[in-house]
Amino acid sequence: MSSDARLTLITRPDCHLCEDAKAALDRVVAVTGDRWVEKDVTGDLELERDYGDRLPVVLLDGREHGYWRVEEDRLLRDLTTPQL
């Protein structure tokens, strides 16, 4: 994972929900200026075990933010609200 990207999208090939999530993340980062990176579970037993039945999964700052669908409004809020 890239250290300067706050968002990570955990995916697998040929996943239609993953494609939807990529488009949603593109819309979010167009507003916030953040970056996102993609991590494919293929060939990674740990990722497959942790996330395989819930893909796609969005991680924000390394923590799970959501899965299956990107809640764009919530993600925008969490990216732009200062952490206490």
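## A walk through the predicted model

At 43% relative accessibility, D61 counts as partly exposed, because that term covers whatever lies between the buried limit of under 20% and the exposed limit of over 50%. The model in which we meet this residue is a predicted one. D61 sits in the loop that runs between β3 and β4, the latter spanning residues 63–67, and its backbone has a phi near 50°, which is a positive value in a residue other than glycine.

A comparable description applies to W68, which is placed in the loop between β4 and α3. Although W68 is not a glycine, its phi is positive, at about 70°, and with a relative accessibility of 43% W68 counts as partly exposed. Another backbone feature belongs to the loop between α2 (45–51) and β3 (57–60), where P56 has its place: the peptide bond leading from L55 to P56 is cis, and its omega is near -5°.

From these loops we can turn to helix α1, which covers residues 16–32 and therefore counts 17 residues, reaching 25 Å from its first C-alpha to its last, close to the 24 Å expected at 1.5 Å a residue. The buried residues of this helix are L17, C18, A21, K22, A24, L25, V28 and V29, and what covers them includes the strands β1 (7–11) and β2 (36–40) as well as the helix α3 (72–80). After α1 comes G33, a residue whose phi is positive, near 80°.

One of the buried residues of α1, C18, leads us to the disulfide, of which the structure holds 1. This disulfide joins C15 to C18, with a distance of 2.4 Å from S to S, and both cysteines are buried. The torsion about the S-S bond of C15 and C18 is about 80°, so the disulfide is right-handed.

Finally, there is the matter of enclosed space, since the structure holds 1 cavity of 30 Å³ or more, and the largest cavity contains about 30 Å³ of space. Its lining is made up of V58, H65, G66, R69, V70, E71 and R74, which by class gives 2 nonpolar, 2 polar and 3 charged residues. Of these lining residues, R74 can be followed a little further: R74 is found in helix α3, and its relative accessibility of 27% means that R74 counts as partly exposed. Along the sequence R74 and A5 are 69 residues apart, while in space they are 18 Å apart from C-alpha to C-alpha.

How values were computed
Residues are numbered from 1 along each chain as its sequence is written. This is a predicted model: local features need pLDDT of at least 70, side-chain atom pairs count only at pLDDT 80 or more; totals for chains, interfaces and linings use all residues. Side-chain values use heavy atoms; hydrogens and water are left out. A disulfide is a pair of cysteine sulfur atoms within 2.5 Å. Buried means under 20% relative accessible area, exposed over 50%, partly exposed in between (1.4 Å probe, protein chains only). Helices (H or I, at least four residues) and strands (E, at least two) are DSSP runs, numbered from the N terminus. Contact means heavy atoms within 4.5 Å. On a 1 Å grid over the protein atoms alone, a cavity is a set of points where a 1.4 Å probe fits but cannot get out, and a pocket is an open set with protein on both sides within 12 Å along at least five of seven lines; lining residues have an atom within 4 Å of a point. Grid points are joined across faces, edges and corners, and a volume is the space filled by probe spheres set on the points. Ala, Val, Leu, Ile, Met, Phe, Trp, Tyr, Cys and Pro count as nonpolar, Asp, Glu, Lys and Arg as charged, and the others, Gly among them, as polar.
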